[in-house]
Amino acid sequence: MAARLAELGITLPPVPAPAGVYVPALRSGRYIHTSGQVPLVDGALPRTGKVGAEVSPEDAKELARICALNALAAVASVAGSLDRVVRVVKVVGFVASDPSFTGQPGVINGASELLGEVLGEAGRHARSAVGVAVLPLDAPVEVEIQVEIDETGDSDD
């Protein structure tokens with residue numbers, strides 16, 4: 001997987017610090033569930049506000065990619081390597097939306113596309129894209145993922 005990331009020119013970022021009392025990702029059996037990841041870059045949000053008002057749908061789609069990248073970093077921190085990912089099972093995306101904005105699926109496509117680019121067929125997933133009034137830190141987008149991992153070689157199971 002490291003070779004695929006390098007080929008795409010992508011570097012996994014450090015796992016963003018939680019904004020509350022929770023962990024970025026948690027393993028349960030062969031599944032890893034991430035907490036919602038906002039598009040933090042070097043500890044800061046590149047954009048804030050509502051999609052369809054202060055943030056364009058195109059910019060929000062790019063922010064969703066960052067969210068997915070942060071989620072992959074959280075998965076890798078628990079799994080030890082993205083090579084253990086068998087498949088992305090579910091993606092849930094939240095879009096802080098202006099009341100008239102209805103393009104949430106297009107925004108969350110940014111996350112889905114990144115997962116497909118990085119993981120290929122294993123990146124195909126079920127998904128929800130939900131419009132909300134506000135997100136933590138006034139983030140325009142938040143994404144959480146659930147992945148299945150290969151348990152071969154686990155010493156703690």
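**Notebook: sheet, helices and Ile10**

I began with strand E2 (residues 31-34) and found that three bridges join it to strand E5 (residues 141-149), the two running antiparallel. I then looked up one of the pairs: His33 has Gln146 as its bridge partner in E5. A note to self: this is a predicted model.

Next I asked in what order the five strands form the sheet. I read E1-E2-E5-E3-E4, an open sheet with mixed pairing. Which strands stand at the edges? They are E1 and strand E4 (126-132); each has a single partner strand, so one side of each has no neighbour in the sheet. From one strand to the next, I get an average twist of 15 degrees.

Then I turned to the helices. Helix H2 (residues 57-79) lies across E1, E2, strand E3 (85-96) and E5, and I noted an angle of about 35 degrees to E5. Helix H3 (residues 104-119) lies across E3, E4 and E5, running at about 155 degrees to E3.

I also checked Ile10, which sits in the loop between helix H1 (2-8) and strand E1 (25-28). Buried or exposed? Ile10 has a relative accessible area of 14%, under the 20% cut-off, so I log Ile10 as buried. Beyond its neighbours within four places in sequence, Ile10 is in contact with Leu5, Leu69, Leu114 and Val118. For Val118, 108 residues apart from Ile10 along the chain, I have a C-alpha separation of 8.9 Å.

Last, I looked at the record. An unreviewed UniProt entry annotates residues 3-143 as "domain: Endoribonuclease L-PSP/chorismate mutase-like". I find 32% helix and 21% strand in that span, with its end C-alpha atoms 25 Å apart.

Technical notes
Residues are numbered from 1 along each chain as its sequence is written. This is a predicted model: local features need pLDDT of at least 70, side-chain atom pairs count only at pLDDT 80 or more; totals for chains, interfaces and linings use all residues. Side-chain values use heavy atoms; hydrogens and water are left out. Helices (H or I, at least four residues) and strands (E, at least two) are DSSP runs, numbered from the N terminus. Buried means under 20% relative accessible area, exposed over 50%, partly exposed in between (1.4 Å probe, protein chains only). Contact means heavy atoms within 4.5 Å. UniProt positions are given in the numbering used here, feature names are shortened, and annotations may be inferred rather than shown by experiment. Two strands pair if DSSP finds at least two bridges between them. Axes are lines fitted to C-alpha atoms, for helices over the stretch in contact, and angles run from 0 to 180 degrees between N-to-C directions.
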